[in-house]
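Visitor: I'd like to go through this model with you and ask how each label was earned. Can we put it on the screen?

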Amino acid sequence: VAWIKADTKAILAIHEHVITNNARLSVTHSDYNTWTLHIRGARREDRGIYMCQVNTDPMKSQSAFLEVVIPPDIISEETTNDLMVPEGGAAKLVCKARGYPKPDIMWRREDGTEIISRAGHSGSKTKLSTAEGETLTLSKVTRGEMGAYLCIASNGVPPTVSKRMMLHVHCEYINHPRAAPIPRTSQKTFFSRYRARSIMLPYLRRYLIRSVRRRFNFFSQKLI
């Protein structure tokens, strides 16, 4: 019995003797009718057609295709880390992964809120629970889109892997939720009244002090 790698025509083993210089290969048999080729730590280069050949007259052979799958792995050096953009600017998040079959990339927000996609110059918004593709582009970013985004890579071979990216949005100011803004139409009147009160306050204080002193002197004279 001989084992042959059909695509390279390389003889791997004859009976129990391994011919190729590959320590990961071995051959066993339970009886003279059952022979098994073992490949330890299968690699991508082990993929291909293997043929078991029985040297009879006529010769008999049986072929089988070995597929080697590789679980997904995110390529850190080609993937975006945490990112900061100005409010109203654009954010580009990139996620690259290796594996076989080629991994599919999916994006979602960690808190479960929707991803907002804006189309072209019109800026029409589309809300998505998930997005697909190696690149996630966000345009006209608002502070509401700030937070953690997850890049998830899967190809049907477990385990599925993911990477967390923080998107920070730099805002010029943030209104306090309890602060009631002054309407623009009332700002001029408001500040005019405030200025008038500020000017009158010292005069009012002096008037009150003089009034208290007069009353005090009046009662003091009566007591005398």
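What follows is a short round of questions and answers on this predicted model.

Visitor: What makes up the chain in terms of helices and strands?

Guide: There are 18 strands and one helix.

Visitor: What makes E3 and E7 edge strands?

Guide: They belong to an open sheet of five strands, ordered E3-E2-E1-E6-E7 and paired antiparallel. Strand E3 (17–18) and strand E7 (60–66) each pair on one side only.

Visitor: How do you know that E2 and E3 pair?

Guide: A pair needs at least two bridges. Strand E2 (residues 10–14) and E3 have two bridges, in the antiparallel sense, so they count as paired. Ala-13, for instance, has Val-18 in E3 as its bridge partner.

Visitor: Why is the pairing of E9 and E18 accepted?

Guide: With at least two bridges required, the four bridges joining E9 to E18 satisfy the rule, and these strands run parallel. One of the partnerships is Val-85 with Val-169 in E18. Both strands sit in another open sheet of five, with mixed pairing and the order E9-E18-E17-E12-E15. Strand E9 (83–86) and strand E15 (131–132) are at its edges; each has a single partner strand, so one side of each lacks a neighbour in the sheet.

Visitor: Which residues of the largest nonpolar core touch the most other members?

Guide: Trp-107, Leu-136 and Leu-138 do, out of 20 residues in that core. Strands E10 (91–94), E12 (104–109), E16 (135–138), E17 (147–154) and E18 (161–170) each supply at least two of its residues. A second, separate core has 10 residues, including Val-1, Ala-13, Leu-25 and Trp-35.

Visitor: What is Leu-138 in contact with, leaving aside neighbours within four places in sequence?

Guide: Its contacts include Ala-91, Ile-115, Ile-116, Tyr-149 and Leu-167, and Glu-145 is also among them.

Visitor: What makes you say that Arg-44 lies over the face of Tyr-100?

Guide: The distance cut-off is 6 Å from the ring centre, and the charge must also be within 35 degrees of the ring normal. Arg-44 is at 3.3 Å from the ring centre of Tyr-100 and is placed over its face.

Visitor: How many aromatic pairs does a search of the whole structure find?

Guide: Zero.

Visitor: And what share of the chain is buried?

Guide: Buried residues are 26% of the 224 in the chain. As for the accessible surface, it comes to about 16,500 Å², with 56% belonging to carbon and sulfur atoms.

Notes. Residues are numbered from 1 along each chain as its sequence is written. This is a predicted model: local features need pLDDT of at least 70, side-chain atom pairs count only at pLDDT 80 or more; totals for chains, interfaces and linings use all residues. Side-chain values use heavy atoms; hydrogens and water are left out. Rings of Phe, Tyr and Trp (its six-membered ring) pair if their centres lie within 6.5 Å; planes under 30 degrees apart count as stacked, over 60 as edge-to-face and the rest as tilted. A nonpolar core is a set of buried Ala, Val, Leu, Ile, Met, Phe, Trp, Tyr and Cys residues joined through side-chain atoms within 4.5 Å. Buried means under 20% relative accessible area, exposed over 50%, partly exposed in between (1.4 Å probe, protein chains only). Contact means heavy atoms within 4.5 Å. Accessible areas come from the Shrake-Rupley method with a 1.4 Å probe; for residues, only the protein chains shown count as cover.
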